[in-house]
Structures are given as C-alpha cells and as structure tokens.
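Please look at the sequence and the structure below. The paragraphs after them go through a helix pair and then a sheet.

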Amino acid sequence: MYQQSIFEKNTKPLASRMRPNSLSEFVGQKHLIGEGKILRNLIEQDQITSMIFWGPPGVGKTTLARIIAHSTKSIFIDFSAVTSGIKEIKEVMAKAEDNRQMGERTILFVDEIHRFNKAQQDAFLPYVERGSITLIGATTENPSFEVNSALLSRAKVFVLKPLEMGDIVELLNRAIQSKDGFQSESIELEEGILESIANFASGDGRTALNTLEMLVLNGERENNHVKITRQLLEECTSKKSLLYDKNGEEHYNLISALHKSMRNSDPDAAIYWLARMLEAGENPLYIARRLIRFASEDIGLADSNALPLAVAAYQACHFIGVPECSVNLTQVVTYLSLVPKSNSLYVAYETAKKDAKEMVSEPVPLQLRNAPTKLMKELHYGENYQYAHDTEEKLTAMICLPESLKEKKYYRPTDQGKESKFKERLEQIQKWKKEQQKGGN
C-alpha cells in the first residue's frame, strides 16, 4: 500500500492539503448542503443523479465531487476535460458499460466540462441515457450556453455561490489550527488580517488559502513563531489599498461614493472612486453590475443609450478582465456622469410596487383576459378588447388598469434630456384618450 511521506505532504499546496473529505468539514454553500437541503440528502443517501455544479473558481465544485467519491458505494471515475479527448471518453464509457452489466454503478466526474466541444459532449449522451454512468460536471461557465441541451436536460444544475466573508475567515482559521495546515507553527496575526485576506479573495476559497500560505512562508520567523503584518499582506498581494475594514463597510462606502458622484454629474470624483475600488482588488463585474442599475435608476429615458452602454461595459469586463477592462469602466462611468439624469422610472416602479403589495386582489379587467375556452367566452373574458393596431392612431381608449386604479399615474417623465420627448408623447396620448373617453360618454 502506498504511503505518502512527510516530505511529499509538505510540497502540496495548502489548498490541496485542506480539501475536506466530508460534508461536516465543508465550508459554505449552505443553500445546497445545509441540513435538509436537497444536495446534502442526495449525498448522504448515496442517491446521486446526473448533475452540473456551476459556480466561480474556488467555491467547492471539485471538493463536493471528492466528497461524493468518498461517500458513494459506486465506482467513481475522475475525468478532466483539459487532458482528455474522444478516445479517452470512449475507453471510460466502455469500462462503465461493463460495470453496469455487472450490476455496479459508475459516477463520472468531469472537471471543466465546458471545455469539451459538442462532439465530445455528445459521446456521453447515450451512456447517460441508458444509465451506464451518472455524470457530474463542474463548470465556471453558464451551462445554458456551454453544455449541450440534450445533456443538460438530463442533469440537475446546482448553482454554487461565491463564499461569504465569514465562510472564508472560518476556512483560514481552520488552516491555521489544522495538522494539515499550520498547527505546528505559532502564527501571530495583526488585527483584521484574516478579514482582509477574505475580502481580497472575493469569494474564492482557494485564493484565500494560497494568500495565507504565501504570508506564512514570508512572515517574520523566529523558530516556529511567525508574525504576519499588514505591510506584508500589502506586499504579497501588490494591492496597497485593498485593506477594507474588517466588517466590509468600506466596500459599501466606496460603491456609494461612486454612485453618488455619478448622480451629481461629477466625472472626476466618479473616476477617482472607480480607481479606488479597482486598485483595492474589487471585482470589476460587481462594479459593472452597479453601473447597469444606475443607468436605469438615475438616468432612464433621459438617455436611453445609458443602459445598453452599461451592459456593454459588463460584457467587456467579462471578456478581457483586469487590468485591461479599467478603461472600459472609465468610459461608461464618465458617460453616466455627464448625461442628463432622471429617476422617473425608479419612482414609477416604487409607487406601483406599493399598490401591488397593498392591492393584491385587484382583478384583471375582463377586456384584458384571454378567452381560449367556451366557458371563458361565456364569462365575458376578452369582451370589448380593442386591438390598437386596427386603428389609424394605433391607440384605443380602453382602460388597462383595474377599476379602482384607473386614474392612477405612475410614470411622470421629467424634462431632462431625451425624456422630454417621452413626456410630450405621453401627454399627447393621455389627451387623446381623455377626449375619446368623453366622446364615448
């Protein structure tokens, strides 16, 4: 029997040494493996079905597959999409088919399944269909686009989320206290170091453990005592400004400063706060998502180009990543700062939301209901519906709100930018409808 030597163990990265072997050791993803959750039940009852683990790097996709490997009575085969082709797939499938005929179940784990092309993925399909294999795939890409629809329809997709700060701090503490980590060393940490590592890792447990390992290896050492300072953390991450305060407040302070600077049409301040966030190691996709929200909340129809431009910035960040995407974000932040502002859409929805919550029983007017059956027609569904395209004006005087709300006005456009044209158009529509309704009376 092969036994790992102590020298070999010490050459393995900390993240590999700390990989848990059971659900009790697993950190994070409580929405999937918390007590009574579906994935936990499937693993504990050894009733694994074909599934896809989708999530960003370092959140536990491969670890969950390893836990299944340790807990299942099935034959478990580990397969990499990076190093394998059609030939290797067919060899594994033939072995799995032999196992099936012998009454044994085979679980096949495919890491980075999105790297397989369509032909390679198709090779799995007949074996999944006949039950020769139970497929577990792991991917960082959206399986809707990267996994064949036929294969995807036969697998349950489990979405893994970035680890929360508390999860990562727990992971780091375990590494410091574990015999597989740094239990044999006396680690002295300046206050807030673990929280700063967790923030820097942006939900990636592997990055957090690799950072801790680098700090321990480069710390001020005296015998078995290692001191880790904030200065060392800055040097090891090359991010001097990344040290948000430990409760994460600065993270929200900076995004608030960016948002409010754009709202106040101050591009210089907005660019500065953008740079502060990016240089602190903030995920550019997070910033891009906030810009998308801003485009509709604070600009809306005052400049209808704001939203597609913000979405384009998100795509640019996704395509090229940091540091190159910084100029894409700068372009959009500057644009959003300078264009006319309107919060009419935000106000409209918030007002409508209040009514929607308080008046949940308001019936849909009969004229707006479909009438696909005879009974529905007899109940006057769809009666008096007016098809706008049948009219010269492409308008009708039909009431579309519930009776109790028919006089309500949610969208109140401003005179800012292009929204002034929408305001003019809306006033024309309302005037025409009012005249038609008077004439009908």
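**A helix pair and a sheet**

Helix α10 (residues 165-177) and helix α11 (residues 193-201) have axes that come within 9 Å and cross at roughly 125 degrees. This is a predicted model, in which local features need pLDDT of at least 70, side-chain atom pairs count only at pLDDT 80 or more, and totals for chains, interfaces and linings use all residues. Residues are numbered from 1 along each chain as its sequence is written, and side-chain values use heavy atoms, with hydrogens and water left out. Helices (H or I, at least four residues) and strands (E, at least two) are DSSP runs, numbered from the N terminus. Axes are lines fitted to C-alpha atoms, for helices over the stretch in contact, and angles run from 0 to 180 degrees between N-to-C directions.

α10 and α11 are therefore oblique to each other; angles under 35 degrees count as roughly parallel, over 145 as roughly antiparallel, 65 to 115 as roughly perpendicular and the rest as oblique. Among the residues making the contact (heavy atoms within 4.5 Å) are Met165 and Leu172 of α10 and Leu194 and Ala201 of α11.

The sheet is open and has 3 strands in the order β6-β8-β7, with mixed pairing; two strands pair if DSSP finds at least two bridges between them. β6 (186-189) and β7 (220-222) stand at the edges with a single partner strand each, so one side of each is left without a neighbour in the sheet. From one strand to the next, the twist averages 15 degrees. Helix α12 (residues 205-218) packs on the sheet and touches β6, β7 and β8. Strand β8 (residues 225-228) runs antiparallel to β7, joined by 3 bridges.
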